[in-house]
Structure formats: C-alpha cells, structure tokens
Amino acid sequence: MEIICSIDKQFSDQIAALLKPPPRHEVQKYFEELLATRQCRRLKVKPTAYHGKGVYAETDFKESDLVLKDQILAGAQHSSNKVDCLVCSYCFCFIGSIELQIGRKLYLEQLGVSPSSESHMQKDCYNSGSSVGEDDSDVEDQQVSGECASSPSKDKIPLPKDVVESLFNGEMQLPYSEKFPLPPIFSCPGGCKENYYCSKSCSEADWESFHSLLCTGEGSKSLSTKALLKFMEHANDTNDIFLLAAKVISFTILRHRKLKESRHEGKGKQVISESRDFSLLLEAWKPVSMGYKRRWWDCIALPGDVDGSGQASFRMQIKELAFTVIFLVCIIQSLQLLKAAIFDEECKPLLSLEMYGHIIGMFELNNLDLVVESPVEDYFLYIDDLPLPGKEEAEQTTKPILDALGDDYSICCQGTAFFPLQSCMNHSCRPNAKAFKREEDRDGQATIIALQPIAKGEEITISYIDEDLPFEERQALLADYGFRCRCSKCLEEA
C-alpha cells in the first residue's frame with residue numbers, strides 16, 4: 001500500500017511540475033532564444049504587472065507596419081474544411097494546381113461528400129440529444145472527415161462528370177491557370193491518406209515533430225493505428241480540438257525521445273533510473289509550458305440565456321453541472337482512445353486527464369484562427385478583370401465551373417493553431433495591433449500588423465473579442481479568459 005501511495009504521489013507531483021508556470025527568468029531566456037532564431041529583433045517578451053508576460057516593441061512601428069510573423073507551434077485544419085481546400089499539412093499553403101483544387105472539390109461533392117456546417121460538438125456534447133508532384137494519385141482517397149451526403153445547393157449548376165474528372169486528373173488545363181502555380185504534392189512518409197505536403201522538407205519536419213506518432217499508414221510509429229483511427233473518428237464526431245491536443249502530446253513525446261537519444265549517445269547501456277529522468281520530460285515540454293493554461297471545463301463558455309435570479313439561477317447551476325459532465329465524458333473517451341494509440345510509459349503524465357484538460361484549455365484561451373486565402377478565388381478574380389475579348393473567351397470555359405462551385409468558390413483554408421509569440425500578446429479593448437493577413441501571406445503563420453504608431457518600449461496589444469461591444473458584455477466575454485480588463489477604455493467606461 002505504501003509503495004502504491006508513493007507512486008501515486010510521484011505521478012501527481014510530476015503533473016504539478018509540468019503545469020507549474022515556468023520561472024520568469026526561464027520565460028525571458030526561452031523567448032529571447034526564440035526571437036533570435038526567427039531573426040525578430042524588434043520585439044521583446046518580458047513580465048507585466050497584471051498578465052504574467054507581454055510583448056514589447058524594441059523599435060518604433062508606424063501604422064500598418066508588420067509587427068510579427070509567428071510560426072505555428074501546433075495547428076490543424078478544421079475537419080470540415082478538408083473537402084474545400086487541399087493544403088500542406090505542415091505549413092498550410094495550398095498545393096497541387098488550380099485545376100486539382102477545383103476538380104477535387106467538385107468530385108467529392110458528386111460522391112455525396114460535403115463539409116459539415118457546424119462542429120458535431122454542438123450536437124453531441126452541447127445538446128447531448130497536372131501540376132502535381134511526385135504523388136497525387138491517392139488524393140481522392142484522402143480521409144475527409146465531417147462528411148455527410150447532401151444534394152447540391154440550388155444556386156449551383158453541376159458540371160458533367162467527365163469534365164470534373166478531367167479537372168481532377170489533370171487532363172484539363174484552365175485558361176491562365178499557369179499564372180497561379182502551386183507547389184507540387186508530396187505524400188506522407190508513413191503512407192497514410194490523411195496528410196499531404198508542399199515539399200519534402202515540410203513532410204520530413206511534420207513527421208519528425210508530430211505525425212510519425214499520429215500517422216495511420218503502414219509506417220506509423222503509433223502503438224495501434226486501429227486505436228488511432230477510432231480516436232480521429234471520435235474527434236471528428238465531437239470536437240476537432242482533440243486532434244490539436246494529440247499533436248501537442250505527440251510533439252512532446254517525440255522531443256523527449258530525441259533528448260533521450262542525444263543524452264545517451266556514446267554512453268552505451270543506461271540504467272533505468274537515468275533513462276527515466278523526469279528532467280528530460282520537463283525540457284521536452286518547455287515550448288508548450290510557455291502557453292497560459294486552464295482546464296478546458298473551467299474556461300469553456302456557456303450559453304448566457306438564463307438570468308441569475310431565483311429558480312432560473314438554480315436551473316443554471318444544474319445546466320452548468322450537466323455541461324461539465326458532458327464535457328468530461330467526451331474528454332475521457334478521447335483520452336482513452338489516444339492512450340491506446342500513442343502511450344509512452346516515460347511520458348505517462350502527459351496522458352493524464354488533468355494534463356489533457358489543461359492542453360485543450362490552452363487552445364481555448366490562446367488559439368488564433370488559422371486562415372490562408374484561396375488561390376482559386378484569386379484565379380476567378382483575375383479572369384473577371386481580364387480585358388475584352390480575352391475575358392469572354394476565357395469565361396466560355398470558366399463560367400460553367402464557377403456556376404458549379406457557386407458561392408463556395410472562395411472558401412479559404414480554416415483551422416486553429418497555437419502561436420508561441422502571438423499567445424504572449426495581451427488583450428486591450430483599445431489595441432494597437434491586430435492579426436491581419438496581407439496579400440503576400442499565403443501560409444499558416446500568424447501575421448500581426450500595427451493599427452497605429454507604436455513607440456519603442458510600448459506594450460503591443462491585440463483584442464481577444466469585439467472591442468466595440470458595450471463595457472459589461474466585453475467584461476463578461478473576457479471573464480472566460482480568467483481576467484477583468486483594466487485597459488484605458490474599460491477604466492474610462494467603468
């Protein structure tokens with residue numbers, strides 16, 4: 001019994017150590033190194049009076065200046081978006097060709113596959129009730145989640161099947177499409193039909209950082225691809241934020257293994273106590289430890305349709321309890337499936353319910369929309385701007401295709417991601433910067449632009465919410481982030 005209690009205490013102590021905010025000097029050192037590697041000398045991350053840490057200008061910025069381009073630590077395309085957009089699974093740029101992007105979408109629609117308009121989580125957990133490259137032949141077999149059969153929209157005029165197939169197979173070239181070249185397609189190194197890439201470097205980087213444990217192909221390093229498929233199916237049926245949590249855990253496990261191999265190089269056989277050195281897991285976890293975390297079920301927003309008095313207040317308490325139970329059931333089911341797929345004894349604390357809840361909560365509190373504009377929209381806009389008679393000639397081919405796509409022709413890549421530097425930017429209802437994609441920003445990186453002149457030494461702030469809402473509504477929304485706003489605008493309106 002004493003041994004069991006000792007093991008349990010050691011396990012809980014390890015979880016607490018992983019969730020403990022890193023010391024200020026470690027935070028500053030980490031971000032100094034990160035900024036240096038990204039050649040971003042115009043910013044500095046340092047402690048703030050109220051919010052732990054913030055991002056400060058090391059030089060003056062003018063209005064509309066680029067403040068930051070931040071690379072993704074972990075991100076994923078929404079499952080429901082995969083029908084509309086074929087993108088690199090690592091950098092999220094569009095791949096293949098204009099013809100393939102259009103042909104693939106129409107081909108899948110003809111098969112009865114369409115993106116779901118809302119997350120299944122709303123149904124299941126809230127209410128409980130060819131310019132292609134080395135390998136494009138398997139693209140049609142890609143596992144596209146969020147599938148449901150639906151008839152074409154009324155404003156769409158279907159193309160003949162042979163035209164769709166010729167677009168999809170690269171047998172048909174659209175006029176002027178050569179002006180919109182896309183990177184070739186590279187398949188997953190493990191042989192799955194889920195992930196595709198814009199280059200060998202992206203495929204290798206994703207494999208080494210995340211995907212080797214999450215691949216469902218024959219080359220997967222997971223314990224069970226069957227369990228992994230069940231985990232993905234559960235995530236697609238409930239909430240695809242679980243897929244992001246899995247990427248964070250996979251990232252940490254793989255970093256831990258690399259650190260362990262590096263430490264053991266040239267040392268021969270190691271004793272068990274050394275090979276299970278917990279400090280290695282702490283080091284592997286460090287990039288993720290920098291993100292602010294709360295348990296998901298403590299920070300998820302609930303519907304505000306009940307007032308706070310009398311019987312209504314009591315019913316609201318019951319509703320909150322029901323929501324909490326439903327969320328916990330979803331999380332536990334997801335975690336059990338993920339454990340069966342990628343469990344690593346030396347990284348056991350990562351796959352505890354407490355850690356899983358905090359990782360998901362980190363995305364809830366720190367995530368930024370991952371948006372990449374579609375080159376298909378650019379292509380049709382180009383055709384529309386052509387001078388006559390070239391426009392009329394081109395539209396003989398492109399108009400039937402545009403009619404088949406309907407309003408969906410301009411859908412961009414959409415997802416969720418965690419950006420380490422952007423996540424350090426604090427909120428203000430009177431922000432001096434914002435996330436904004438410029439014309440040249442064609443990948444998944446976060447782009448922060450100055451809204452006004454920012455002086456050297458000034459904190460760079462963004463808005464987490466719609467800053468034009470009334471004071472009380474803003475404060476209520478920000479309560480989900482765990483703080484009460486004290487910005488100049490709120491102090492004036494309080």
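Colleague: What percentage of the protein chain's accessible surface belongs to carbon and sulfur atoms?

Modeller: This is a predicted model, in which local features need pLDDT of at least 70 and side-chain atom pairs count only at pLDDT 80 or more, while totals for chains, interfaces and linings use all residues. Residues are numbered from 1 along each chain as its sequence is written, and side-chain values use heavy atoms, leaving out hydrogens and water. Accessible areas come from the Shrake-Rupley method with a 1.4 Å probe; for residues, only the protein chains shown count as cover. The surface of the protein chain comes to about 24300 Å², and the share of carbon and sulfur atoms is 50%.

Colleague: What percentage of the residues is buried?

Modeller: Buried means under 20% relative accessible area, exposed means over 50%, and partly exposed is in between (1.4 Å probe, protein chains only). The protein chain has 494 residues, and the buried share of them is 48%.

Colleague: Which helix gives the most residues to the largest nonpolar core?

Modeller: A nonpolar core is a set of buried Ala, Val, Leu, Ile, Met, Phe, Trp, Tyr and Cys residues joined through side-chain atoms within 4.5 Å. The largest one has 44 residues, and Phe-242, Ile-249, Leu-350, Tyr-356 and Phe-363 have the most contacts inside it. Elements that each supply at least two of its residues include α1 (2-19), β4 (74-77), α12 (310-342) and α13 (353-366), where helices (H or I, at least four residues) and strands (E, at least two) are DSSP runs numbered from the N terminus. With 11 residues, the helix that gives the most is α8.

Colleague: How many residues are in the second, separate core?

Modeller: Nonpolar side chains tend to be buried together in soluble globular proteins. The second core includes Leu-100, Leu-159, Val-164 and Cys-198. Its number of residues is 35.

Colleague: Is Ile-401 buried or exposed?

Modeller: Ile-401 lies in helix α15 (residues 390-405). Leaving aside neighbours within four places in sequence, Ile-401 is in contact (heavy atoms within 4.5 Å) with residues including Leu-159, Met-172 and Phe-380. Its C-alpha is 9.6 Å from that of Lys-156, although the two are 245 residues apart in sequence. The relative accessible area of Ile-401 is 2%, so this residue counts as buried.

Colleague: What is the C-alpha to C-alpha distance between Cys-330 and Phe-242?

Modeller: Cys-330 has its place in helix α12. Cys-330 is buried, with a relative accessible area of 5%. Cys-330 and Phe-242 are 88 residues apart in sequence, and their C-alpha distance is 9.7 Å.

Colleague: Which residue has its backbone nitrogen 3.0 Å from a polar atom of the Asn-239 side chain?

Modeller: Asn-239 is in the loop between α7 and α8. Asn-239 is buried, with a relative accessible area of 15%. A polar atom of the Asn-239 side chain lies 3.0 Å from the backbone nitrogen of Ile-241.

Colleague: Which strands stand at the edges of the open sheet of 3 strands?

Modeller: The strand order is β4-β8-β7, with antiparallel pairing; two strands pair if DSSP finds at least two bridges between them. Each edge strand has a single partner, so one side of each is left without a neighbour in the sheet. The edge strands are β4 and β7 (368-372).

Colleague: Which residue in β8 is the bridge partner of Gly-75?

Modeller: β4 and strand β8 (residues 413-418) pair in the antiparallel sense over 4 bridges. In β8, the partner of Gly-75 is Ala-417.

How values were computed:
Polar contact = N/O pair within 3.5 Å; in protein donor to acceptor, adjacent residues only side chain to side chain.
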